[in-house]
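Please open the model in your viewer and keep the selection panel at hand. The tour proceeds one selection at a time.

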Amino acid sequence: IDFRSLPLKVKVGSIALLEPTVNLEREKDGTFNLSRMLTGKRAEPVDEEAVEKKAEQVAEKAEAAQVDGTSTEDSVPELKTPTPEEEKENTIFVDKIFMSNGTVTFKDYVVSPAFELDITKMRSSVHGLELPHGKRTELSFNATLDSQSPLVAEGYLQPTSEGADTDVTVSLANLDMTQLSPYTEKYIAYPVSTGMLSSDVG
């Protein structure tokens, strides 16, 4: 680690996560166990009605944009080249971040029976991450869902003064749809009897 001050400059050679394991649980009131671990207290219950209302508002806005002939892409700010003043700001640079053989076990008790999902063989890498401004950073992630469904995400992250510009492609193959029955029974009153899901989103 190379550390300098005034302005703050931190350069890290690499950060490695080897075989990390996370047990994530969503309780019946919609809160997550990690919230208690991070804050030391129970999180406020999730207001499902407020979440559904927000989703409806977003959908209505998207429909209105299509009718008006406008696009949500119009609101995306263009990338800007850092000014000399921005170059003098505090910066953090990490040459490489990687994870190998990670595992996440997820249980959702909001539905009944509880939904369970195991994400294993997680591997990821990030190269050349610089904050708050930096060049395009390549990202890659892959894992296996329930020991049979490969999940792959690849793309880039471009830090900017407004936040970040991202372009990520996600592909999923052979996900057993029947395991989603706890959700379909709760929200549409029908279980999934058969089917496999494969998708590419980018």
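**The hairpin and its neighbours**

In this predicted model, begin with strands β4 and β5, which form a hairpin with six residues between them. Select residues 91–108 for β4 and residues 115–131 for β5; the two strands pair in the antiparallel sense over 13 bridges. For one position within this pairing, display lysine 107, which stands opposite glutamate 116 in β5.

Keep β4 in view and add residues 9–18, which make up strand β2. Strands β2 and β4 run parallel and are joined by nine bridges. To inspect this pairing, show the side chains of isoleucine 15 and, opposite in β4, isoleucine 97.

Next, select residues 21–26, strand β3. In what sense does β3 pair with β4, and over how many bridges? The pairing is parallel, with six bridges. Here valine 22 has valine 104 of β4 as its bridge partner.

**A helix residue**

Now move to residues 181–187, helix α4, and highlight tyrosine 187 within this helix. Is tyrosine 187 buried, exposed or partly exposed? Its relative accessible area is 48%, and because this value lies between the cut-offs of 20% for buried and 50% for exposed, tyrosine 187 counts as partly exposed.

Finally, add valine 111 to the selection and draw a C-alpha to C-alpha distance to tyrosine 187. The two residues are 76 residues apart in sequence and 9.6 Å apart in space.

How values were computed: Residues numbered from 1 in each chain as written. Predicted model: local features only at pLDDT ≥ 70, side-chain atom pairs only at ≥ 80, totals over all residues. Heavy atoms only, no water. Pairing = 2+ DSSP bridges. Helix = DSSP H or I, 4+ residues; strand = E, 2+ residues; numbered from the N terminus. Buried < 20%, exposed > 50% of the residue type's maximum accessible area, 1.4 Å probe, protein only.
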